[in-house]
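Colleague: Could you take me through one part of this model closely, namely the pockets and the elements around them? I would like the terms spelled out with their cut-offs as you go.

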Amino acid sequence: MATPTIHWSPGWSTQAPEQGDLVLELSGSGVLKPADGWLRPLENISGNPGDAEFVSLGKVGGRPVFVTEVPESLASGRELVTLRDALLTISDAPAAMLSTGFQVWQWFQDHKYCGRCGGGTDFHPRERAKWCSNCNIPWYPRLAPCVIVVIRREDRYLLAKSSRVKRHFYSLIAGFVEPGESLEGAVAREVKEETGLDVTNIRYQGSEPWPFPHQLMAGFFADYAGGELVLQEDEIADAGWYLPENRPPVPPETTISGRLIREMEKVLTTGGLGS
């Protein structure tokens with residue numbers, strides 16, 4: 001039976017869940033997935049709801065949605081889908097809701113105490129933030145900006161295999177933005193550090209949240225400007241220039257890397273210059 005499509009509207013509330021509200025149940029690095037979808041009514045969740053902690057996520061069909069964590073001892077015997085598998089292999093997974101759920105729950109766990117004075121925090125009354133009444137400062141969910149880039153060299157483009165990720169995909173050069181750095185500057189620096197190449201004509205293509213644990217990926221096209229491949233071995237296991245019709249396996253279109261690769265392939269096969 002196909003999983004029903006979830007039309008999720010993000011939102012925020014400091015109210016506690018009530019009977020009939022929906023819950024996204026996390027356990028470790030995965031989601032406890034019910035047989036008929038991704039959410040369960042509050043009255044059906046594992047354990048005693050009165051002992052659990054909840055964070056507001058938004059609404060589905062007008063019903064409030066919350067996220068909580070279920071101890072492993074209560075998760076046995078139920079289907080556990082890792083977040084990475086949900087985003088990479090399940091085409092009808094509610095990616096935005098799952099991504100937000102994991103990031104919001106991580107923020108909630110990380111900021112129970114103030115990072116300045118160590119005192120306990122409470123929910124901010126008007127914003128998605130934890131509030132320290134002693135320091136009078138909010139603690140917002142963390143976002144780490146990253147760049148990811150397709151590099152074109154005439155009729156080919158660069159694909160690289162990570163030395164850290166065990167999946168058999170070849171993907172793109174990516175990295176975190178440093179303080180004081182522009183996105184375009186981060187692209188040029190990361191490419192140089194990881195491959196030894198110089199790039200030019202760096203242009204923005206799109207973005208995607210990537211909740212491992214709280215990245216915001218900004219995607220780019222760039223053109224080869226010089227240099228020979230010299231790989232940063234602790235980051236890149238292999239890299240090479242590929243034609244669209246003769247490339248290794250790449251990430252699915254559900255990811256920004258997969259979409260960037262396929263957009264570049266369209267440019268190359270139609271003879272366009274890219275935008």
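Modeller: What follows is a walk through the two pockets, then the hairpin that contributes to them, and then the nonpolar cores.

The model is predicted, so local features need pLDDT of at least 70 and side-chain atom pairs count only at pLDDT 80 or more, while totals for chains, interfaces and linings use all residues. Residues are numbered from 1 along each chain as its sequence is written, and side-chain values use heavy atoms, with hydrogens and water left out.

A pocket here is an open set of points on a 1 Å grid over the protein atoms alone, where a 1.4 Å probe fits, with protein on both sides within 12 Å along at least five of seven lines; its lining residues have an atom within 4 Å of a point. Its volume is the space filled by probe spheres set on the points, which are joined across faces, edges and corners.

The largest pocket holds about 940 Å³ of space. Its lining consists of 34 residues, and those nearest its centre are Ser162, Val165, Leu172, Ala174 and Trp210. Two or more lining residues come from each of α2 (83-89), β11 (144-153), β12 (156-162), β13 (173-176), α4 (183-195), β14, β15 and α5 (256-270), these labels being DSSP runs numbered from the N terminus, with helices (H or I) of at least four residues and strands (E) of at least two. The largest share of that lining, 4 residues, is from β13. By class, the lining of the largest pocket has 18 nonpolar, 7 polar and 9 charged residues, where Ala, Val, Leu, Ile, Met, Phe, Trp, Tyr, Cys and Pro count as nonpolar, Asp, Glu, Lys and Arg as charged, and the others, Gly among them, as polar.

The second largest pocket holds about 310 Å³. It is lined by 17 residues, with Gln103, Val104, Pro141, Arg142 and Leu143 the closest to its centre. The elements giving two or more residues to this lining are α3 and β15, and α3 gives the most, with 8 residues. The classes in this second lining are 8 nonpolar, 7 polar and 2 charged.

Strand β15 is thus named for both linings, and its partner is β14. Strands β14 (residues 198-210) and β15 (residues 215-226) run antiparallel and are joined by 10 bridges, two strands being paired if DSSP finds at least two bridges between them. Aspartate 198 of β14 stands opposite glycine 226 in β15. Together the strands form a hairpin with 4 residues between them. Proline 213 lies in that loop, and the peptide bond leading to proline 213 from phenylalanine 212 is cis, with omega near 0 degrees. Within strand β14 itself is asparagine 201, whose phi is near 50 degrees, a positive value in a residue other than glycine. Asparagine 201 is partly exposed, with a relative accessible area of 42%; partly exposed lies between buried (under 20%) and exposed (over 50%), using a 1.4 Å probe and protein chains only.

Helix α3 (residues 95-110) also gives the most to the largest nonpolar core, with 7 residues. That core has 43 residues, and Leu24, Trp38, Leu98 and Leu159 have the most contacts inside it; a nonpolar core is a set of buried Ala, Val, Leu, Ile, Met, Phe, Trp, Tyr and Cys residues joined through side-chain atoms within 4.5 Å. Another core lies apart from it, with 18 residues, among them Val149, Val187, Val191 and Val199.
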